[in-house]
Amino acid sequence: MKDEQTIHVEVAYALPERQAIVPLQVLPGTTALQAAQRSGIVERFEGLDLENARLGIFGKLVAGDQVLQEGDRVEIYRPLKADPKEVRKARAARVKERRQEEAGD
């Protein structure tokens, strides 16, 4: 039941093997971090650290103090296992090495 004094938002978190999307009714002025904390999602995922997690709204990175709007979905992002820049650099080095090997044959 929607109260006229609240807005509807969702909080989402996913691991490779499972995900959770928690619908919430919050007061206007609630921030992304506050909604994530109120969602109870931390209890569902061991090791989830909201204080240090990166947050987004529909795929766009936001600060924890971002004020939510009606219908927003707060997404909690997992830390990256590898730096994307380093992965691209290593891949480019492998391709260059392979081309040099082929040219030397």
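## A tour from the β1–β2 hairpin outward

Start by selecting residues 7-14 and 19-26: these are strands β1 and β2, which pair in the antiparallel sense over 8 bridges. Keep in mind as you look around that this is a predicted model. Now add the connection between the two strands, a hairpin of 4 residues that joins β1 to β2. For one rung of this ladder, pick alanine 12 and then isoleucine 21, its bridge partner in β2.

Stay with β1 and bring in another strand. Select residues 73-77, which form β5; this strand runs parallel to β1, and 4 bridges join the two. A good pair to show here is glutamate 10 and arginine 73: the arginine belongs to β5 and stands opposite the glutamate. While the strands are on screen, try switching on their side chains. In a regular strand, side chains alternate between the two faces of the sheet.

Next stop: a loop residue. Select phenylalanine 45, which you will find between α1 (32-38) and β3 (54-57). Is phenylalanine 45 buried or exposed? Its relative accessible area is 2%, under the 20% cut-off, so phenylalanine 45 counts as buried. Which residues does phenylalanine 45 touch, leaving aside those up to four places away in sequence? Show Tyr13, Leu15, Arg18, Gln19 and Ala20, and you have its contacts. Of these, Tyr13 falls within β1 and both Gln19 and Ala20 within β2, which brings you back to the strands where the tour began. You can also draw a distance from phenylalanine 45 to arginine 18: their C-alpha atoms are separated by 9.7 Å, and the two residues are 27 apart along the chain.

Now zoom out and colour by secondary structure. The chain has 2 helices and 5 strands, and following the sequence gives the order β-β-α-β-β-β-α. The radius of gyration is 20 Å, well over the 13 Å that the globule rule gives for 105 residues, so the chain is more spread out than a compact globule. Turn the model along its principal axes and the C-alpha atoms fill a box of roughly 75 × 25 × 20 Å.

For a last view, switch to the surface. The chain exposes about 7,700 Å², with carbon and sulfur atoms supplying 50% of that area. Buried residues make up 29% of the 105 in the chain. If you colour by charge, look for 17 positive and 18 negative charges, whose mean positions are 6 Å apart. Finally, among contacts with a separation of 6 or more, 44% come from residues 24 or more positions apart.

Definitions and conventions
Residues are numbered from 1 along each chain as its sequence is written. This is a predicted model: local features need pLDDT of at least 70, side-chain atom pairs count only at pLDDT 80 or more; totals for chains, interfaces and linings use all residues. Side-chain values use heavy atoms; hydrogens and water are left out. The radius of gyration is taken over C-alpha atoms; the globule rule is 2.2 Å times the number of residues to the power 0.38. Buried means under 20% relative accessible area, exposed over 50%, partly exposed in between (1.4 Å probe, protein chains only). Contact means heavy atoms within 4.5 Å. Accessible areas come from the Shrake-Rupley method with a 1.4 Å probe; for residues, only the protein chains shown count as cover. Lys and Arg count as positive and Asp and Glu as negative; His and the chain ends are not counted. The place of a charge is taken as NZ of Lys, CZ of Arg, CG of Asp or CD of Glu. Two strands pair if DSSP finds at least two bridges between them.
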